[in-house]
Structure formats: C-alpha cells, structure tokens
Amino acid sequence: MKIDRVEFLNKLLSIEPGISKRGDIQQSNCVVIFKGRLYSMQAEITCSTISGLDPEMAGAVRAEKLI
C-alpha cells in the first residue's frame with residue numbers, strides 16, 4: 001500500500017488538538033488507527049479523520065513518534 005507522505009502528515013496534524021502532551025489518560029498521547037480512520041482523544045477533545053490506510057489496520061502509536 002502506498003500513501004502520500006505529505007497528505008498523511010496533514011491528516012495527522014488535523015487531529016493534533018486531541019493529543020495530550022501530558023498523557024493524563026491511557027493513550028491520550030497516541031494516534032489510534034481503527035477502521036480506516038485516525039483518532040486522537042484526551043479529556044475534553046476527540047478528533048478523527050479518514051486515514052487512507054487499509055481498514056483492517058488497527059493500533060495505537062505515540063503521536064510524537066508518528067508526527
């Protein structure tokens with residue numbers, strides 16, 4: 001599978017408001033990949049966007065490593 005790096009980075013940046021710098025709750029400093037979408041979640045903000053990745057992919061990656 002090939003994805004456009006710049007387009008994918010822009011999608012990651014669009015969900016950045018949901019990424020916690022403190023890691024208050026479990027996975028609040030991660031980007032979650034689930035059913036073809038990217039998610040970020042913290043105490044009061046949840047963001048998601050279409051990822052362009054295979055819908056079968058699932059997992060969580062530390063946002064600082066991915067972005």
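What share of the 67 residues in the protein is buried? I looked this up at the start, in what is a predicted model: buried residues make up 30%.

**Overall layout**

I counted two helices and four strands. Read from the N terminus, the order of elements is α-β-β-β-β-α. The radius of gyration came out at 11 Å, close to the 11 Å of the globule rule for 67 residues, so the protein is as compact as a globular protein of that length. I also took the span of the C-alpha trace along the principal axes, which is about 35 × 20 × 20 Å. The exposed surface is about 4,800 Å², with 51% of it supplied by carbon and sulfur atoms. For contacts between residues at least 6 apart in sequence, I noted that 50% join residues at least 24 apart.

**Sheet**

I traced the strand order next. The four strands form an open sheet, β3-β2-β1-β4, with antiparallel pairing. β3 (46–50) and β4 (58–62) are the edge strands; each has a single partner, so one side of each lacks a neighbour in the sheet. From one strand to the next the twist averages 20 degrees.

**β1 and β2**

I then went through the bridges. β1 (residues 30–34) and β2 (residues 37–41) run antiparallel and are joined by three bridges. Phenylalanine 34 has arginine 37 of β2 as its bridge partner, and isoleucine 33 stands opposite leucine 38. The hairpin of these strands has two residues between them, and there lysine 35 takes a positive phi near 50 degrees.

**β2 and β3**

Five bridges join β2 to β3, again antiparallel. Four residues lie between the two strands in their hairpin. Arginine 37 turns up here too, with isoleucine 50 of β3 as its bridge partner.

Which residues of β2 are on its covered face, and which on the uncovered one? I found Leu38 and Ser40 on the covered face, and Arg37, Tyr39 and Met41 on the uncovered one. In a regular strand, side chains alternate between the two faces of the sheet.

**Core**

I listed the largest nonpolar core, which has 10 residues: Phe8, Leu12, Ile15, Ile19, Val31, Ile33, Leu38, Cys47, Leu53 and Ala63. α1 (5–14) and β1 each supply at least two residues of this core. The opposed pair isoleucine 33 and leucine 38 both belong to this core.

I checked cysteine 47, another core member, for contacts beyond four places in sequence. Cysteine 47 is in contact with Ile15, Pro17, Gly18, Leu38, Tyr39 and Ser40.

Methods: Residues are numbered from 1 along each chain as its sequence is written. This is a predicted model: local features need pLDDT of at least 70, side-chain atom pairs count only at pLDDT 80 or more; totals for chains, interfaces and linings use all residues. Side-chain values use heavy atoms; hydrogens and water are left out. Two strands pair if DSSP finds at least two bridges between them. Axes are lines fitted to C-alpha atoms, for helices over the stretch in contact, and angles run from 0 to 180 degrees between N-to-C directions. A nonpolar core is a set of buried Ala, Val, Leu, Ile, Met, Phe, Trp, Tyr and Cys residues joined through side-chain atoms within 4.5 Å. Buried means under 20% relative accessible area, exposed over 50%, partly exposed in between (1.4 Å probe, protein chains only). Contact means heavy atoms within 4.5 Å. The radius of gyration is taken over C-alpha atoms; the globule rule is 2.2 Å times the number of residues to the power 0.38. Accessible areas come from the Shrake-Rupley method with a 1.4 Å probe; for residues, only the protein chains shown count as cover.
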